[in-house]
Amino acid sequence: MDLHLIPGALATLDEREAIDAVVDPALRSLPRARGARHVLLPALHAVHARVGWISEGALNHICERLSVPPAEAYGVASFYAMFSMTPRPRSVVHVCDDIACRVNGAEALCRDLVRRLGHAGEPALDGRAMWVRSPCLGQCDRAPAALFQLAGGERSDWTLTGATSDAIVAGLGGEVRLKPDTTDPPEVRLKPDTTDPPEVRLKPDTTDPPEVRLKPDTTDPTTGAVTTDGTVASVAPVVSGFSRTRDRGARTRVYADPPRLLRRVGVADPERLDDYRAHGGWDALRRAFALGPDRVIREVTDSRLVGRGGALFPTGRKWDAVAHASVRPHYLVCNADESEPGTFKDRVLMEEDPFAVLEAMAIAAYATGCEQGYVYIRGEYPLATARLAGAIIQARARGLLGDDVMGEGVRFDVELRRGAGAYICGEETALFNSIEGLRGEPRNKPPFPAQSGLFGKPTLVNNVETLVNVLDIVLDGGQAFARTGTEASAGTKLFCVSGCAARPGLYEVPFGVTLRALIDRVGGVRDGRPLQAVLLGGAAGVFVTPDEIDCPLTLEGARAAGATLGSGVVMLFDDRTDLGDITTRIAAFFRHESCGQCVPCRVGTVRQEEALRRLAAGAALGSVETEYALIDDVAQAMRDASICGLGQTASTAVQSAIRKLRVFGAETGR
């Protein structure tokens with residue numbers, strides 16, 4: 001067909017090599033009936049990683065190879081925040097200014113970067129680098145955070161936590177100037193090779209699986225400790241990425257009581273399959289083969305496990321629907337695109353226990369008849385991406401993925417797909433579109449994924465935390481799993497604690513503990529300050545006042561309190577926090593992340609943010625009550641008419657801040 005290529009636009013040799021390296025092997029292996037468009041996102045990633053932006057010539061070459069019109073490919077490429085369609089420096093740092101980083105000095109950091117590097121989005125350091133503001137990077141417990149996106153050669157993305165302007169300037173290759181009154185060294189010194197990706201080496205003359213090594217000095221020794229409240233504490237590396245740089249900030253805390261989902265974190269080496277095996281790895285898959293698909297689904301159903309991403313759909317029912325779908329093939333998708341501000345639980349599981357994710361996927365695939373699986377991981381998670389990629393290589397080499405899993409005659413393989421900065425792609429049907437090479441926009445439902453999902457086939461979608469729960473269910477039985485927690489909320493839950501918490505980190509507790517008990521466990525508010533509010537469930541959640549923290553952390557308890565557990569965010573704010581600013585930033589987040597497909601969300605998120613900015617500036621249209629009424633009307637329209645959950649929940653936290661916290665100072669009975 002006539003693709004209507006962009007006239008006169010030719011790819012450079014560098015661009016062609018990067019694109020062909022991804023497209024050639026994909027074209028050799030893909031089924032003829034499917035077409036090649038699903039390779040579009042990996043091809044865009046490849047050229048962007050090589051040259052730092054996507055030129056018209058590169059776009060033409062991709063389109064010729066995949067038979068996609070440039071107009072459509074441009075619509076896809078321009079959809080994602082991590083891609084640039086115009087020339088820019090090869091070194092770009094994304095500095096988070098979202099709510100968790102905001103209460104940990106992000107705005108002061110950005111002001112310092114303006115002073116040292118110029119305004120966000122402008123070339124700096126003689127045109128060699130640039131910094132930009134970013135929404136949440138999923139490093140909320142170690143805020144402020146920054147993501148280095150480095151193009152060219154063997155350079156790769158990496159994440160800096162506890163970020164300072166010295167560390168950022170050093171990471172970009174600039175000069176780090178010492179303060180006049182100190183002789184201390186800069187907080188971070190980058191070595192020339194610290195942005196290299198991990199090496200994957202085959203041992204000479206053996207059939208042993210590949211050994212996945214990080215470059216020297218790329219990892220921190222991980223230690224375990226016992227906290228004063230008896231929970232297991234594990235310390236993870238401070239800087240996440242393909243490389244390791246030195247940082248003197250706070251380290252991630254992982255607490256588990258009882259330790260189930262997190263029991264291997266800080267204990268088993270996440271880069272060695274044999275170490276995972278030594279700590280019980282692959283026992284659950286072996287047990288699943290002994291039980292058979294129907295029995296596995298029955299155990300999952302008996303466990304009363306529900307989705308841990310926020311939708312709360314019964315997992316057993318979802319598995320059963322896919323297993324009994326007559327259309328073939330079936331697909332399995334692990335939704336690892338956690339982008340809810342304040343959420344980082346799935347990142348920790350993928351970074352510290354990646355083999356568990358693959359084992360759980362294999363069990364789900366066996367039970368539901370899926371032969372191909374995808375992990376769709378957010379683009380801002382370089383370390384998790386590297387760890388999962390290494391785990392997949394090792395699992396294939398050992399026969400734990402592939403054409404004959406464990407010698408049981410079962411075929412199942414996994415492909416890793418990396419997002420590129422789009423919160424909306426956490427919505428399952430938007431994720432399908434993204435994998436298929438379309439814009440990441442949600443689809444209308446029905447049909448539901450169990451009937452028509454990825455590539456129009458029955459598809460099982462679960463998030464990382466949900467899947468990892470399955471390991472204990474298969475090993476111990478669904479009824480044993482259900483004995484933890486409450487009747488309506490079975491098992492344990494991961495809570496992402498951040499903000500002004502004294503001990504931010506990832507906490508695993510049984511359903512049923514109160515919010516107050518969890519806050520006590522994290523040491524309360526740092527510096528002994530009074531608690532002003534808690535954001536429960538993330539940006540799509542609600543604010544909870546100090547008078548409401550005795551509510552039990554269960555699905556039914558949150559519902560009775562007019563709240564939601566969402567993705568497990570528990571963000572504390574002390575009495576010094578400007579909650580009006582936090583509320584406005586939440587509104588800005590949803591305006592920025594709206595895909596624009598439906599009018600209620602596209603327009604409503606803009607109008608909501610505009611009203612909040614007028615209130616913050618003391619320039620209400622009419623009266624404050626008039627603005628509140630406008631916000632309520634817009635919120636109702638978004639809830640009633642938006643296609644997906646983004647628009648339907650974009651006003652939830654905003655309205656709770658207005659009604660409960662009176663963030664702009666006016667009394668309101670709404």
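Here are three short exercises, with worked solutions, on a predicted model.

**Exercise 1.** How do helices H3 and H4 cross, and which residues meet there?

*Solution.* Start with the axes: H3 covers residues 56-66 and H4 covers residues 70-77, and their axes come within 9 Å. Next, look at the angle, which is roughly 115 degrees. Then check the handedness: H3 passes H4 in a right-handed crossing. Now zoom in on the side of H3, where Leu59, Asn60 and Cys63 make the contact. Their partners in H4 are Pro70, Ala73 and Tyr74. Finally, sort the residues of this contact by type: five are nonpolar, one is polar and none is charged.

**Exercise 2.** How many disulfides does the structure have, and where do Cys96 and Cys140 stand?

*Solution.* Begin with the search of the whole structure, which turns up zero disulfides. Take Cys96: its nearest cysteine sulfur belongs to Cys101, 3.5 Å away. The cut-off for a disulfide is within 2.5 Å, and Cys96 is in no disulfide. Cys96 has 2% relative accessibility, so it counts as buried. Now try Cys140: the nearest cysteine sulfur is that of Cys136, 3.5 Å away, and Cys140 is in no disulfide either. With 4% relative accessibility, Cys140 counts as buried.

**Exercise 3.** Why is helix H12 described as largely enclosed by the rest of the structure?

*Solution.* Find H12 at residues 345-352. Recall that buried means under 20% relative accessible area. Go along the helix and you get Lys345, Asp346, Arg347, Val348, Leu349, Met350, Glu351 and Glu352 as the buried residues. That makes eight of the eight residues, so H12 is largely enclosed by the rest of the structure.

Note on methods
Residues numbered from 1 in each chain as written. Predicted model: local features only at pLDDT ≥ 70, side-chain atom pairs only at ≥ 80, totals over all residues. Heavy atoms only, no water. Axes fitted to C-alpha atoms, helices over the stretch in contact; angles between N-to-C directions. Helix = DSSP H or I, 4+ residues; strand = E, 2+ residues; numbered from the N terminus. Left-handed = near helix turned anticlockwise from the far one by under 90°. Contact = heavy atoms within 4.5 Å. Nonpolar A, V, L, I, M, F, W, Y, C, P; charged D, E, K, R; others polar. Buried < 20%, exposed > 50% of the residue type's maximum accessible area, 1.4 Å probe, protein only.
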